[in-house]
Amino acid sequence: MKLLELLYNSENRYIDEIDRLEKNPDEVSFVDAGDDSGFICLEASDGSFDWNIVRLVGDWQIAKSVIGSIPFSDYVLLVDEGLDLSGYPVFKREGSLLYFENAASLNSEYDEEEASSYLKGSEVGLPKNSIKTRASALNSRIDDLYLAMKNGICGYIKVIKNCWHYTEVAIEINAEYRGQGFGSALLGMMVRQFDYKGMKMSYVVEESNVPSVKIAEKYLKQAFTLNKYVVSSLPIVINV
């Protein structure tokens, strides 16, 4: 089975991997253990502060036989919640990533005029509270939303990864405007936009990021959890 086909079988779990495999295949490799199991490896971009990411694909008991072939000496391993790696002291748990998604309304009709009015902060736009009197929603592209103050942009939500049926978004609110409801306003608007188009939206949050988790829980449903583990040294020898 081809790697893309394998990942698309669990599309919502591998949005980042699919996006990078389609756009920058040289940054992605697969350590194949057979039986549709192994590790997909994503190299951090040059000059970034990203991790080298290794994702378990398929069955851990099969995949672990090739873990010594992972091409990185420093990486974060992402595995399904509840997977027991306690017998392998080279790994230590570093927390969890929570994956949220919207429930796409496939019967919604996208009304361009209504959507445009909504994005401009009209009566069907921002909540009727203090935010509406201080900020308006601007869209530079159909998949990006910004909140603008008189003195500049106070925050945004934008698309960062795409695959066939899912899109991953990121939210950033400038420090001085956090805790005032701007993140909730933006996410609520983006959910509405995705519902119009009958699309699925994914939002990934660190479990420890309580404000972002609360925003996600307000508008989205939790789809699954990935635990994070880091590797401390090489070589790795696992008896199988």
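Q: How do the axes of helix 6 and helix 7 lie to each other?
A: They come within 10 Å and cross at roughly 35 degrees. Axes are lines fitted to C-alpha atoms, for helices over the stretch in contact, and angles run from 0 to 180 degrees between N-to-C directions. Helices (H or I, at least four residues) and strands (E, at least two) are DSSP runs, numbered from the N terminus.

This is a predicted model, in which local features need pLDDT of at least 70 and side-chain atom pairs pLDDT 80 or more, while totals for chains, interfaces and linings use all residues. Residues are numbered from 1 along each chain, and side-chain values use heavy atoms, without hydrogens and water.

Q: What makes the crossing of helix 6 and helix 7 right-handed or left-handed?
A: The near helix is turned from the far one by less than a right angle: anticlockwise is left-handed, clockwise right-handed. Helix 6 passes helix 7 in a right-handed crossing.

Q: Which residues make the contact of helix 6 and helix 7?
A: Helix 6 gives Gly183, Ser184, Leu187, Gly188 and Val191, and helix 7 gives Ile215, Ala216, Lys218 and Tyr219. Contact means heavy atoms within 4.5 Å.

Q: Why are Phe39 and Trp60 called an edge-to-face aromatic pair?
A: Rings of Phe, Tyr and Trp (its six-membered ring) pair if their centres lie within 6.5 Å; planes under 30 degrees apart are stacked, over 60 edge-to-face, the rest tilted. Phe39 and Trp60 have 6.3 Å centre to centre and 80 degrees between the planes, so both conditions are met. The whole structure has five aromatic pairs.

Q: What does the pair of Phe39 and Trp60 tie together?
A: Phe39 lies in strand 2 (residues 37-42) and Trp60 in helix 3 (residues 60-63), so the pair joins parts 21 residues apart in sequence.
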